[in-house]
Amino acid sequence: MSDSTPAPESSANQAKTGFDIHEILKILPHRYPLLLIDRVLELKRKDRIVAIKNVTINEPFFNGHFPGLPIMPGVLIVEAIAQAGGALLLTEVEDRSDKVMVFTGIDRARFRRPVSPGDQLRLEVEVKGWRAVPGMIAAKMQGYAYVGSKRVAEAAVSCQLIDSSRGRGSGRNDETE
């Protein structure tokens with residue numbers, strides 16, 4: 001190698017742009033049956049994420065929605081959009097095990113086509129606003145869901161990342177002391 005050839009960047013200096021299910025489980029607190037993203041394909045910090053959800057007939061909601069015509073509930077598509085956005089936000093937080101992401105709003109939700117078993121839902125979420133104050137991060141995001149090249153749903157979601165202990169008691173009965 002000549003002196004003019006730059007050395008390859010070390011992997012420590014390169015930003016991670018995708019996550020498999022094992023890495024997602026380290027980021028999101030959700031678990032089956034409510035974990036609704038299977039892989040992150042692309043992530044640009046504080047800007048954009050692309051994730052996928054493989055929709056299978058084994059999803060528990062298909063038992064009742066609807067027998068004979070299984071359709072993924074729209075509210076779960078919006079939840080999948082929010083989880084993708086949550087994965088994006090939580091990668092920015094060092095103490096994420098002490099945090100929880102909560103919805104603060106859902107606007108302009110539209111459902112254009114049904115999502116059925118066998119579909120692969122591609123979720124594209126862009127951050128539209130980001131605000132951090134001590135103890136809280138808030139974000140507004142615009143999400144789109146696709147099956148193949150067809151847009152099946154979209155929604156603007158607002159959320160906050162808060163301390164997981166917020167709003168919970170200490171778990172002990174203070175009156176007995």
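This report walks through salt bridges in the structure above.

The model is predicted, so local features need pLDDT of at least 70 and side-chain atom pairs count only at pLDDT 80 or more, while totals for chains, interfaces and linings use all residues. Residues are numbered from 1 along each chain as its sequence is written, and side-chain values use heavy atoms, with hydrogens and water left out.

Let's start with the count: there are nine salt bridges here. The term means that a side-chain nitrogen of Lys or Arg lies within 4 Å of a carboxyl oxygen of Asp or Glu. Here are some of them:

| Salt bridge | Closest N and O atoms |
|---|---|
| K53 and E59 | 2.8 Å |
| E154 and R112 | 2.8 Å |
| R122 and E124 | 2.8 Å |

The E154 and R112 pair ties together distant parts of the chain, 42 residues apart: E154 sits in strand β6 (residues 150-163), and R112 in the loop between β3 (99-111) and β4 (120-133). Strands are DSSP runs of E, at least two residues long, numbered from the N terminus.

How open are these residues? Buried means under 20% relative accessible area, exposed means over 50%, and partly exposed falls in between (1.4 Å probe, protein chains only). E154 has 12% relative accessibility, so it counts as buried. Its partner R112 is partly exposed because its value is 48%. With R122 at 25%, that residue counts as partly exposed, whereas E124 is buried at 17%. As for K53 and E59, both are buried.

Finally, R122 and E124 belong to a wider group: salt bridges link them with E42 and R48 in a network.

Definitions and conventions:
Helix = DSSP H or I, 4+ residues; strand = E, 2+ residues; numbered from the N terminus.
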